[in-house]
There are 2 protein chains.
Amino acid sequence: MKYELYYWPSIPGRGEFVRLALEAAGCAYLDVARSPDKGLGVPRLMRFLSGREGHELPFAPPFLKAGRHVVAQTANILLFLGARHGLAPAAEAGRLWTHQLQLTIADWVDEIHDTHHPIASGLYYEQQKREARRRAADFLRNRLPKYLGYFERVLARNTRGRGWLVGSRPTYADLSLFQVLTGLDYAFPRTMRRASARHRRLGALRRAVAARPRVAAYLQSDRRVPFNEEGIFRHYPELESG
Amino acid sequence: MKYELYYWPSIPGRGEFVRLALEAAGCAYLDVARSPDKGLGVPRLMRFLSGREGHELPFAPPFLKAGRHVVAQTANILLFLGARHGLAPAAEAGRLWTHQLQLTIADWVDEIHDTHHPIASGLYYEQQKREARRRAADFLRNRLPKYLGYFERVLARNTRGRGWLVGSRPTYADLSLFQVLTGLDYAFPRTMRRASARHRRLGALRRAVAARPRVAAYLQSDRRVPFNEEGIFRHYPELESG
């Protein structure tokens, strides 16, 4: 079965967490809204979002069509793919622990988004720039160190070792953590450079994910959407200078 | 086995979604931080949060101790309890659909929180009141109708009927939706009153949850923590007048 991924075509956004899992697992998938083919593209995504096809109704992209079912919410899609494609432990405790880490990453991603959109996602950054400066300063001073420290500690406490978050094999949470760290480097390069010495395990995890053969091939391909100033991770130098 | 719930004692907050599931399922549980017993209370919660006991490390409360495992992240705890206590369908598609709805509720709850804390959760409301007015106005105008409309539509589309979100029986997502609607009534009474005529299915769901015998008994008990101005749902009249 070929999956269908539905996500906005011009940003990595939350869709990228799903794309990384599909790529790392070697799944065949159609990236619907990025396809130039007739009947696909954004109109097809909008049609699905309207729920006119009778399936489970998503609130927002990303969503994944798998046979006759539609699964939405990034962490929920990863829960589904993780169980099907060996990207999470099979036993209940490990499965829940992986999902718990993913949901913490999701909270982190929300906070990263809100550094440039603290007032309204429907307004432009320029319409909330003053508030964004205040929120970003708090994020970089208080929240970012808390998240980085937490995941560094989770890695240190994994007695099964080898540098992954859960057990001895990579899970979808490792892939997502790679994406967050890479995005943070793009958005806040000075802060992340300063933080790197205190978070060596995070740096090693990021390199280890990027070196997985399927991931490495994907990152070089044009299927990978580059970071830009329309997505979650945006480089606005004024937000880093406080 | 008796569960142990760990959450801040003075607010309903995110812990309340877990408490409602435990109560509706008739589970025995110890509300650790609210216990006056020696060795319990907030110090016990803080000790667990530090991870000194060697279990899975939570990022933040709530978390639930179940035997030797600790499960954190509200939606993840509900996924766990739902499977164990019949608060979600057993089949994969229904299980994922219920979880998807729960994760959408979680996003909604985050946005409700940020109406009074758009800049920093570590600052007081009074320190971000101007920004809160702006964010709350956008929330009430754009986001709240979108969420209410979405869940009203999910109820309308449930062909198995009987007024629940998923299939023909209540799930943890129904319990959580009840809590959000009740909290919104507390925080934004005028707006919710105006919205009620257009969302009759939501009103019926709320009454149906409150009428479940175990839930009704719980809501009357002192185990239920009342809404207040320290939690997620706060009544600040100035945020409703725009």
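In what order do the strands of the open sheet of chain B lie? The order is β2-β1-β3-β4, with 4 strands and mixed pairing. Strands here are DSSP runs (E, at least two residues) and helices are DSSP runs (H or I, at least four residues), numbered from the N terminus. Two strands pair if DSSP finds at least two bridges between them.

This is a predicted model, in which local features need pLDDT of at least 70, side-chain atom pairs count only at pLDDT 80 or more, and totals for chains, interfaces and linings use all residues. Residues are numbered from 1 along each chain as its sequence is written, while chains are lettered from A and ligands numbered from 1 in the order in which they are written.

**The sheet of chain B**

The edge strands are β2 (29-31) and β4 of chain B, each pairing on one side only. From one strand to the next, the twist averages 20 degrees. Strands β1 (residues 3-6) and β3 (residues 63-66) of chain B run antiparallel and are joined by 3 bridges. L5(B) has L64(B) in β3(B) as its bridge partner. Helix α1 (residues 15-24) of chain B packs on this sheet and touches β1, β2 and β3 of chain B. The direction of α1 makes about 160 degrees with that of β1(B); axes are lines fitted to C-alpha atoms, for helices over the stretch in contact, and angles run from 0 to 180 degrees between N-to-C directions.

**The two domains of chain A**

Chain A is divided into domain 1 (3-84) and domain 2 (92-211), with bounds from an automatic or database domain assignment. Their C-alpha centres lie 23 Å apart. On the side of domain 1 of chain A that touches domain 2, α3(A) gives the most, with 6 residues.

**The two chains**

A rotation of 180 degrees with 0.0 Å of shift along its axis superposes chain B on chain A, with RMSD 0.0 Å. That is the relation of a two-fold axis. The fit is by least squares on the C-alpha atoms of residues with pLDDT of at least 70 in both copies. In chain B, the C-alpha of P118(B) is nearest the axis, 2.9 Å from it.

The table gives the residues on each side of two contacts (C-beta atoms, placed from the backbone, within 7 Å).

| Contact | One side | Other side |
|---|---|---|
| Chain B with chain A | chain B: 31 residues | chain A: 31 residues |
| Domain 1 with domain 2 of chain A | domain 1: 11 residues | domain 2: 10 residues |

In the contact between chains, α5(B) supplies the largest share of the chain B side, 9 residues.
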